[in-house]
Amino acid sequence: MSQSIVLGGGCFWCMEAIFRDMAGILSITPGYAGGHSANPTYQEVCTGRTGHAEVIRLEFDPEIIGYDDVLRIFFTLHNPTTLNRQGDDIGTQYRSAVFYADEPQKQAALSVKAEIENANLWDAPIVTEIVPLETFWPAEAMHFDYYERNPNTGYCQAVIAPKVAKARKLYAARFKNAGF
C-alpha cells in the first residue's frame, strides 16, 4: 500500500527532478499547497499573493523508501534555512514546508527536522514549516516532468542539474538504476 507526502522545497521543478528516479517513488505530482484561494494557477502563485507554496506530492512504496527517509532526503537536498527562498527564487511560494496529513506524519516531520538540526548539516537554523495539508492543487500539465523535457534550458542547467547531481552523489544507492 502506497503512502504520500507533500513537500515544498522551493521550485517544484527541482524537487520533482531530485526524486524522479529514486527507488520506491511511484509518482510525483507538482502542485500548490498552503494558500487561501481555490484552483490557483502558476501565474497567480508566482505573484506571492495566493499564499501557496510550490510543492510536490510524492506517492511512494514504504517497503522500499520510508516516510522518514523521504524527509531526510528532502532536508538535505534543498536549503531549509532560508526563509521564503531557494537560491535566486525569492517569495513565499518558494518556502520550505512539510504538509502533513495526520499526527504520525507531523511527529515524524518534527523528529527528522530535529535530527537534521542536531547533525549540524546547515550553518543556520532550519525554518521549514511543518503544517497540516488542507488542500493540494495539481499544477498545470506543463510543469510535469519539466526537467526531463527541458534539460538544456538555462534554469535547468544552472539550478536543477546541480541539485540532481548532488542527489545522485549523496543517495546513489537509492536510485532505480544505481549504476547510471
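These are my notes on a sheet and two of its helices in a predicted model.

**Sheet.** I started with the strand order. It runs E7-E6-E1-E3-E2-E8, an open sheet of six strands with mixed pairing. I looked up the edges next: strand E7 (129–132) and strand E8 (136–138) each pair on one side only. From one strand to the next, the twist averages 35°.

**E2 and E3.** I then checked how strand E2 (residues 25–33) meets strand E3 (residues 53–60). They pair in the antiparallel sense, over eight bridges. For a register mark I noted Thr29, which stands opposite Arg57 in E3.

**H3.** Helix H3 (residues 67–77) packs on the sheet, and I found it touching strand E1 (3–9), E3 and strand E6 (96–100). Its direction makes about 10° with that of E1.

**H4, length.** Does the span of helix H4 (residues 103–118) fall short of or agree with 1.5 Å a residue? The 16 residues should span 22 Å, and the end C-alpha atoms are 22 Å apart, so the two agree.

**H4, faces.** Which residues of H4 are buried? I got Gln105, Ala108, Ala109, Val112, Lys113 and Ile116. They cover an arc of only 130° around the axis, so they sit on the same side of H4. That fits the general rule: with 3.6 residues a turn, residues three or four places apart in an α-helix point the same way. The buried residues of H4 pack against E1, H3, E6 and E7. On the face turned away from the buried side, I noted the exposed residues Pro104 and Asn118.

**H4, ends.** At the N-terminal end, Asp102 is the cap, with a side-chain oxygen 2.9 Å from the backbone nitrogen of Gln105. Just after H4, Asn120 takes a positive phi of about 55°.

Terms used: Residues are numbered from 1 along each chain as its sequence is written. This is a predicted model: local features need pLDDT of at least 70, side-chain atom pairs count only at pLDDT 80 or more; totals for chains, interfaces and linings use all residues. Side-chain values use heavy atoms; hydrogens and water are left out. Two strands pair if DSSP finds at least two bridges between them. Helices (H or I, at least four residues) and strands (E, at least two) are DSSP runs, numbered from the N terminus. Axes are lines fitted to C-alpha atoms, for helices over the stretch in contact, and angles run from 0 to 180 degrees between N-to-C directions. Contact means heavy atoms within 4.5 Å. The expected span of a helix is 1.5 Å times one less than its number of residues. Buried means under 20% relative accessible area, exposed over 50%, partly exposed in between (1.4 Å probe, protein chains only). The arc is that of the directions from the helix axis to the C-beta atoms. A polar contact is a pair of N or O atoms within 3.5 Å; within protein, one must be able to donate a hydrogen and the other to accept it, and residues adjacent in sequence count only if both atoms are side-chain atoms.
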